[in-house]
Amino acid sequence: MAGIGFELRRILQRDSYAALLQAYGYAGVISSGPWVLSILGVMLVGYLSLDGIEAARDVGQFLVSVTHLMAASLIFTGSLQLVFTRFVADREFEKKKRLVFSNLCGVLTLVTLAATAAAWVLGSTLFADTGMLYRMIMGSTLVALCNIWMVVIFLTGMKRYRRIVMAFFWAYSAALVAGLALRQYGVEGLLAGFLFGQVILLFLLLGRVAREIPGDALSSFSFLRPSQSYYVLVPVGLLYNLGVWIDKYLFWYHPATSQAVIGPLRASLIYDLPIFLAYLSIIPGMAIFLIRVETDFADAYKRFYDAVRDGDALDHISHHKQDMISAVRNGLYDIFKVQGLTVVVLFIFAERILEMIGLSQLYLPLLKVDLVGVGVQVLLLAVLNVLFYLDLRLQALGICLLFAVGNALFTWMTQQLGPQFYGYGFLGSTLLASLIGIVILERRLAWLEYETFMLQR
């Protein structure tokens, strides 16, 4: 376990409260840093550009355009993210690191061509009534974001968390400066500044890859070969990202809960702000998630499979399995405990938080529901991560399918029931998927020795 696992263990070896706080703070920054920096960077561009009615309209169009670009790019690349991550992990295990860089170039080529084609089709159809410059910037940003997610998922798989956070910091700082410099040109100027930041981010990430990862060929598509890929991960990644965003799309395109902003893009004033504020609360839970996965569980996992490969005694293997089960249970419990405490604290100060940022108290009930839903989503991420460690791909597929379909169905039902039920669709789907995932995980861990020895292909 290279990278952050070693760093966290080094900090925790000092065995003091200061070291513990440092480890959790470090884990919180590197696990949630990119997401938080993205939100804060975009919101700062919008806030600092507000200057009159005309500027407010431009800022609104900018924020909605960026939100739709983020959603579309994540869903668009979701089908390749896990497939490519697994390919990289397998090549690392086989000590074939030189194959990784060429395949990264291959996946970026594929993503660029597909995203460019999608941008051209959408620009000439759904966005036909918007300006040419707006369409060009939107299309270019979509292509850049799709490439960024693939490089980020690659570096995440290589455990380069700190490099990712620093790249996001510098890139979104550049986007902020460029956006403010170009704000006089309206929504196109703000989007051009954002695009500038994304291009910088992409090249910073690619520069890090080129310096650290050797390669023998410029481009390769061996990650698509059936013998080296697990195609079941295609719908897993797609369904998870769709599950995260489907409730937002339903609110964006429901006539009673949304309004047109620019071209075909719509926003839901009642739903968008609470859910995105709630996502800022994931830092404590993500810190626990990263520490528990990269230290306790990863160590127990490695000891178990090393014992299996080395032909260790059965009682030793069983002991390592119990360590894995304890690590999973303690990790899930700690996530529940810490994220739960975070939610309780935010419940107490929710009214004051809304008042400080100038939002109506009418958002309070939905914000509280979203805080719980986002907290449960951290638990769902932890369950899925352990399933991927154990190579339980079909089980992960079933949970992601349940999450996506459940979020769509439950959200639609809450829209029919009325505003007092908004947000419960997202909460219900994450809770149901998490609980079923935990049950599956408990059962499969109980049979781990049997599946390890008897079901090998």
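Buried here means under 20% relative accessible area, exposed means over 50%, and partly exposed is anything in between. Keep those cut-offs in mind for the close-ups below, which come from a predicted model.

**View 1. Arg 86 and Asp 391 meet in a salt bridge.**
The N-to-O distance between these two side chains is 2.7 Å. They come from distant parts of the chain: Arg 86 belongs to helix α3 (residues 53-93), while Asp 391 sits in the loop between α12 (364-389) and α13 (393-417), 305 residues apart. How accessible is Asp 391? Its relative accessibility is 29%, so Asp 391 counts as partly exposed.

**View 2. Arg 393 also pairs with Asp 391.**
Here the closest N and O atoms are 2.9 Å apart. Arg 393 has a relative accessible area of 15%, and anything under 20% counts as buried, so Arg 393 is buried. Step back a little and a network of salt bridges comes into view, linking Arg 86, Asp 90, Asp 391 and Arg 393. As for why such partners get together, side chains of opposite charge can pair when their charged atoms come close.

**View 3. Arg 303 and Asp 323 join helix α10 to helix α11.**
Their side chains form a salt bridge at 3.8 Å, N to O. Arg 303 lies in α10 (residues 283-309) and Asp 323 in α11 (residues 314-356), so this pair ties together parts that are 20 residues apart in sequence. Arg 303 is partly exposed at 38% relative accessible area, and Asp 323 is partly exposed too, at 24%. How many salt bridges does a search of the whole structure find? The count is nine.

**View 4. The largest cavity has a volume of about 80 Å³.**
The structure holds two cavities of 30 Å³ or more, and this view shows the largest one. Among the residues lining it are Phe 289, Arg 292, Val 293, Phe 297, Gly 331, Ile 335, Ala 382 and Val 386. Which helices each supply at least two residues of this lining? They are α10, α11 and α12, with α11 giving the largest share, five residues. By class, the lining has nine nonpolar residues, one polar and one charged.

**View 5. The second largest cavity holds about 40 Å³ of space.**
Its walls are made by Ile 325, Val 328, Arg 329, Leu 332, Ile 438, Leu 441, Glu 442 and Leu 445. You may recognise Val 328 and Leu 332, since they line the largest cavity as well. Helices α11 and α14 (424-446) each supply at least two of the lining residues. Six of the residues in this lining are nonpolar, none are polar and two are charged.

**View 6. Helix α13 spans 36 Å from its first C-alpha to its last.**
This helix has 25 residues, and its span is close to the 36 Å expected at 1.5 Å a residue. What comes right after α13? Gly 418 follows, and its phi is positive, near 125°.

Methods
Residues numbered from 1 in each chain as written. Predicted model: local features only at pLDDT ≥ 70, side-chain atom pairs only at ≥ 80, totals over all residues. Heavy atoms only, no water. Salt bridge = Lys/Arg side-chain N within 4 Å of Asp/Glu carboxyl O. Helix = DSSP H or I, 4+ residues; strand = E, 2+ residues; numbered from the N terminus. Buried < 20%, exposed > 50% of the residue type's maximum accessible area, 1.4 Å probe, protein only. 1 Å grid on protein atoms, 1.4 Å probe; cavity = no way out; pocket = protein on both sides within 12 Å on 5 of 7 lines; lining within 4 Å. Points joined across faces, edges and corners; volume = space filled by probe spheres on them. Nonpolar A, V, L, I, M, F, W, Y, C, P; charged D, E, K, R; others polar. Expected span 1.5 Å × (residues − 1).
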